[in-house]
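User: I would like a close look at a single part of this protein, with enough of its surroundings to place that part in the whole. Please work from the general layout down to individual residues.

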Amino acid sequence: MRKPIILFAFAAFALPADAMAQSPELEDTCKSVAKSFFMTDQLAIGTVQSFPELKPPGVRMSYSTRQGAAPAEMTDIFECEFDKADKPHNLARFCVSSTCYSPNADDGDRKRRFDEMRILLNRAEK
């Protein structure tokens with residue numbers, strides 16, 4: 001009786017990361033926030049992981065501002081957290097590598113960048 005359970009568990013972990021419970025809608029929204037933050041339409045995106053079931057729902061992705069960068073070379077990380085998994089998502093926080101931007105950031109410039117991204121996202125989701 002143990003063999004089927006072990007095989008099932010192995011099969012579940014053998015699935016590619018993209019096949020697990022991902023949210024393309026959340027991922028697209030986070031990509032939009034990243035492109036707005038970097039002020040570019042051309043942002044190379046590598047691995048993307050989304051977590052609509054977490055509280056708050058979020059997305060983590062590797063990226064490069066260099067076009068043609070191989071996914072293995074993309075070591076910079078962009079993260080987004082949202083108030084909810086459904087549209088309008090309402091940006092709650094985002095991080096670029098280890099620097100985070102939120103509505104209650106102590107640093108005035110980071111708070112302003114957050115407000116700018118939230119405004120741009122709200123305009124796009126109307």
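To begin, among contacts in the protein between residues at least 6 apart in sequence, what percentage join residues at least 24 apart? After that, please concentrate on strand S3 (76-82), with the elements and loops around that strand.

Analyst: The model is a predicted one, and the figures that follow should be read with that in mind. Of the contacts between residues at least 6 apart in sequence, 43% join residues at least 24 apart. The secondary structure comes to three helices and five strands, and from the N terminus on the elements run α-α-β-β-β-β-β-α. Among the 126 residues of the protein, 29% are buried.

Within strand S3, Phe 78 is a good place to start. With a relative accessibility of 0%, Phe 78 counts as buried because the cut-off for that class is under 20%. Leaving aside residues up to four places away in sequence, Phe 78 touches a list of residues that includes Cys 30, Val 33, Ala 34, Phe 37 and Phe 38, as well as Val 59, Arg 60, Met 61 and Tyr 63, and also Phe 94, Cys 95 and Val 96. In terms of elements, Val 33 and Phe 37, which are among these partners, also belong to the contact that helix H2 makes with helix H3. The C-alpha atoms of Phe 78 and Cys 100 lie 9.6 Å apart, although the two residues are 22 apart in sequence.

Ile 77 is likewise placed in strand S3, but its relative accessibility is 27%, so Ile 77 counts as partly exposed. With residues up to four places away in sequence again set aside, Ile 77 touches Arg 60, Met 61, Ser 62 and Tyr 63, together with Cys 95, Val 96 and Ser 97. Ile 77 and Ser 97 are 20 residues apart in sequence, yet their C-alpha atoms are separated by 5.0 Å. Ser 97 itself is found in the loop between S4 and strand S5 (99-101) and is partly exposed, with a relative accessible area of 38%. The phi angle of Ser 97 is near 55°, a positive value in a residue other than glycine. Most residues other than glycine have a negative phi, and most peptide bonds are trans.

The loop between S3 and strand S4 (91-96) holds two further features of the backbone. One concerns Pro 88, which is placed in that loop and is joined to Lys 87 by a cis peptide bond with omega near -10°. The other concerns Asn 90, in the loop between S3 and S4, where phi is near 60°, again a positive value in a residue other than glycine; Asn 90 is partly exposed at 26% relative accessibility. A cis peptide bond also runs from Lys 55 to Pro 56, with omega near -5°, and Pro 56 lies in the loop between strand S1 (44-51) and S2.

On the other side of S3 in sequence, the loop between strand S2 (58-64) and strand S3 contains Glu 73. Glu 73 is partly exposed, with a relative accessible area of 48%, and its side chain makes a polar contact with the side chain of Arg 66 at 3.4 Å. The C-alpha atoms of Glu 73 and Gly 46 are 8.9 Å apart, while the residues themselves are 27 places apart along the chain. Arg 66 takes part in another pairing as well, since its backbone nitrogen lies 3.0 Å from a polar atom of the side chain of Ser 64. Ser 64 lies in strand S2 and counts as buried, at 8% relative accessibility. Beyond the residues up to four places away in sequence, Ser 64 touches Leu 43, Ala 44, Ala 69 and Met 74.

Finally, the helix contact mentioned earlier can be described in full. Helix H2 (residues 24-38) and helix H3 (residues 108-124) pack at an angle of about 125°, and their axes are 10 Å apart. That angle makes H2 oblique to H3, and the crossing of H2 and H3 is right-handed. On H2 the contact is made by Thr 29, Val 33, Ser 36 and Phe 37, and on H3 by Arg 113, Met 117, Leu 120 and Leu 121. These residues divide into five nonpolar, two polar and one charged.

Methods: Residues are numbered from 1 along each chain as its sequence is written. This is a predicted model: local features need pLDDT of at least 70, side-chain atom pairs count only at pLDDT 80 or more; totals for chains, interfaces and linings use all residues. Side-chain values use heavy atoms; hydrogens and water are left out. Axes are lines fitted to C-alpha atoms, for helices over the stretch in contact, and angles run from 0 to 180 degrees between N-to-C directions. Helices (H or I, at least four residues) and strands (E, at least two) are DSSP runs, numbered from the N terminus. Angles under 35 degrees count as roughly parallel, over 145 as roughly antiparallel, 65 to 115 as roughly perpendicular and the rest as oblique. A crossing is left-handed if the near helix is turned anticlockwise from the far one by less than a right angle, and right-handed if clockwise. Contact means heavy atoms within 4.5 Å. Ala, Val, Leu, Ile, Met, Phe, Trp, Tyr, Cys and Pro count as nonpolar, Asp, Glu, Lys and Arg as charged, and the others, Gly among them, as polar. Buried means under 20% relative accessible area, exposed over 50%, partly exposed in between (1.4 Å probe, protein chains only). A polar contact is a pair of N or O atoms within 3.5 Å; within protein, one must be able to donate a hydrogen and the other to accept it, and residues adjacent in sequence count only if both atoms are side-chain atoms.
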